[in-house]
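Got a few minutes to poke around a model together? Have a look at the sequence and the fold before reading on.

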Amino acid sequence: MIKITDNAQNHFVKLLANQKKGTQIRVFVMNPGTPMAECGVSYCPQDTIQVTDTELKFKQMSAFVDKLSAPYLIDAEIDFVTDQLGSQLTLKAPNAKICQVTDDASLMERIEYVLQSQINPQLASHGGKVTLIEITDDAFAILQFGGGCNGCSMVNVTLKEGIEKELLQTFSELKGVRDITEHQRGKHSYY
């Protein structure tokens, strides 16, 4: 679930040496699955460990993760980096803002994951976003654009040459995409 590099483990061991015996670390996500998600690391005294926590055992220490944070910390990595500016602990959690889906998830869940993790970050650079509304019985993904994409003169190119191509390559069961947005030009749109 979480990779903690040897450098980070050594750093934690030094910090834990000054804590009450048996104290480990806790890795967590506040506001998981939202754009405001933030990851953190704290001390984890023995009396705060819950039966629903997952214990991750490393060479010199353990890390505990609460049940709610666990799916959002898949593929996370903690490192301790030293450069010209000093030393710092880094925590990268690519799935903190959206929970990674499994291969047996529904088509709607898998498409939503691709939209949120791959497509919307690209659209955000132009102030836009796209939302999956439904999957039709004839296997079309119905999408709605928002933000700067609403009213943009390039929305059809974005839809057909970008989003549709990527979704069709990823999901063989999908036949295409359709846009239900009532596009209105305005100050929010890019031209």
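Below is a run of questions and answers on this predicted model.

Q: Which element of the protein chain has the lowest confidence, and which has the highest?
A: Start with the whole chain: the mean pLDDT is 87, and 94% of the residues reach 70 or more. Going element by element, helix α2 (residues 107-124) sits at the bottom with a mean of 84. At the top, with 97, is strand β5 (residues 62-65).

Q: Which strands stand at the edges of the open sheet that includes β9?
A: This sheet has three strands, and they line up as β8-β9-β10 with mixed pairing. Strands β8 (128-135) and β10 (176-179) each have a single partner strand, so each has one side without a neighbour in the sheet. That puts these names at the edges: β8 and β10.

Q: By how many degrees are neighbouring strands of the sheet β8-β9-β10 turned against each other on average?
A: The sheet in question is the open one with the order β8-β9-β10. Ignoring direction, its neighbouring strands are turned against each other by an average of 35 degrees.

Q: Which residue of β10 stands opposite A141?
A: Look at strand β9 (residues 140-147), which runs parallel to β10 and is joined to it by four bridges. Opposite A141, in β10, you'll find V177.

Q: At roughly what angle do the axes of α2 and α3 cross?
A: Both helices lie on strands of the open sheet: α2 lies across β8 and β9, at about 165 degrees to β8. Helix α3 (residues 155-170) lies across β8, β9 and β10, running at about 150 degrees to β10. The crossing of the two helices is right-handed. Their axes come within 11 Å, and the crossing angle is roughly 145 degrees.

Q: How many residues of each class, nonpolar, polar and charged, are in the contact of α2 with α3?
A: On the α2 side the contact uses I111, V114, L115, Q118, I119 and L123. From α3 come T158, I163, E166, L167 and T170. Sorted by class, the contact has seven nonpolar, three polar and one charged.

Q: How many residues of strand β2 are buried?
A: Strand β2 (residues 24-30) is largely enclosed by the rest of the structure. Of its seven residues, the number buried is five.

Q: Which residues pair with R26 in β3 and in β5?
A: Strand β2 is joined to strand β3 (residues 38-44) by seven bridges, and the two run antiparallel. It is also joined to β5, by three bridges, and here the strands run parallel. R26 stands opposite S42 in β3, and its bridge partner in β5 is F64.

Q: Which residue in the loop between β5 and β6 has a positive phi although it is not a glycine?
A: The loop runs between β5 and β6 (76-83). The phi there is about 70 degrees, and the residue is D75.

Q: Is A139 buried or exposed?
A: A139 is found in the loop between β8 and β9. Its phi is near 70 degrees, positive in a residue other than glycine. With a relative accessible area of 14%, under the 20% cut-off, A139 is buried.

Q: What separation do the C-alpha atoms of G148 and Q24 have?
A: G148 is found in the loop between β9 and α3, and counts as buried at 4% relative accessibility. Along the chain, G148 and Q24 are 124 residues apart, and their C-alpha atoms are separated by 46 Å.

Conventions
Residues numbered from 1 in each chain as written. Predicted model: local features only at pLDDT ≥ 70, side-chain atom pairs only at ≥ 80, totals over all residues. Heavy atoms only, no water. pLDDT = per-residue confidence, 0-100. Pairing = 2+ DSSP bridges. Axes fitted to C-alpha atoms, helices over the stretch in contact; angles between N-to-C directions. Contact = heavy atoms within 4.5 Å. Left-handed = near helix turned anticlockwise from the far one by under 90°. Nonpolar A, V, L, I, M, F, W, Y, C, P; charged D, E, K, R; others polar. Buried < 20%, exposed > 50% of the residue type's maximum accessible area, 1.4 Å probe, protein only.
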